[in-house]
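Work through the exercises below with the model open. Each task is followed by its solution in steps.

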Amino acid sequence: EMILGIVGRPLLLPVNYTTEIKDQNTQITWTFQSQSSGSMLLVTAINNTLTPDMEHGHRFFLFPPSATLLINPVQLTDDGEYTIKVTVSGVKMESASQQLTVQVNVP
């Protein structure tokens with residue numbers, strides 16, 4: 001899925017998930033990959049507790065239990081592939097991931 005971002009403005013990468021596992025532990029992880037910077041961890045949330053990456057956490061926000069990522073403000077270097085992975089564990093474990101491509105434009 002392609003999402004367009006504009007330099008200097010906020011951008012939401014919307015993600016919804018549902019689970020039928022009761023008494024679950026939920027981990028949400030966002031990673032980013034680009035030609036120039038390689039792969040990097042952006043933010044992780046475990047059971048609604050956010051752990052931002054120390055280097056990038058000031059621009060990438062997660063509001064658990066929502067898995068939607070907010071980038072604010074968008075920079076040219078945000079152009080690339082974003083992967084979200086949600087893992088839910090309880091009596092059994094389920095995991096799913098989704099990839100989104102962000103294309104950044106200058107206003």
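**Exercise 1.** Find the residue in β4 that stands opposite Phe32. Then describe how β3 and β4 are joined.

*Solution.* This is a predicted model.
- Step 1: take strand β4, residues 38-46. Met40 in this strand stands opposite Phe32.
- Step 2: look at the pairing. β3 and β4 run antiparallel, with 8 bridges between them.
- Step 3: follow the chain from β3 to β4. The connection is a hairpin through 3 residues.

**Exercise 2.** How many bridges join β3 to β8, and which residue is the bridge partner of Asn25?

*Solution.*
- Step 1: locate the strands. β3 covers residues 25-34, and β8 covers residues 80-89.
- Step 2: count the bridges. There are 9, and the two strands run antiparallel.
- Step 3: start from Asn25. Its bridge partner in β8 is Ser89.
- Step 4: put the pairings together. β3 is bridged to β8 and also to β4.

**Exercise 3.** In what order do the strands of the open sheet with β2, β7 and β6 lie? Name its edge strands.

*Solution.*
- Step 1: write the order. The 3 strands lie as β2-β7-β6, with antiparallel pairing.
- Step 2: pick the edges. β2 (11-13) and β6 (60-62) each pair on one side only.
- Step 3: add the angle. Neighbouring strands here are turned by 25° against each other on average, direction ignored.

**Exercise 4.** Which residue of β7 is the bridge partner of Phe61?

*Solution.*
- Step 1: find β7 at residues 69-71. This strand runs antiparallel to β6, and 3 bridges join the two.
- Step 2: read off the partner. Phe61 is bridged to Leu70.

Note on methods
Residues are numbered from 1 along each chain as its sequence is written. This is a predicted model: local features need pLDDT of at least 70, side-chain atom pairs count only at pLDDT 80 or more; totals for chains, interfaces and linings use all residues. Side-chain values use heavy atoms; hydrogens and water are left out. Two strands pair if DSSP finds at least two bridges between them. Helices (H or I, at least four residues) and strands (E, at least two) are DSSP runs, numbered from the N terminus. Axes are lines fitted to C-alpha atoms, for helices over the stretch in contact, and angles run from 0 to 180 degrees between N-to-C directions.
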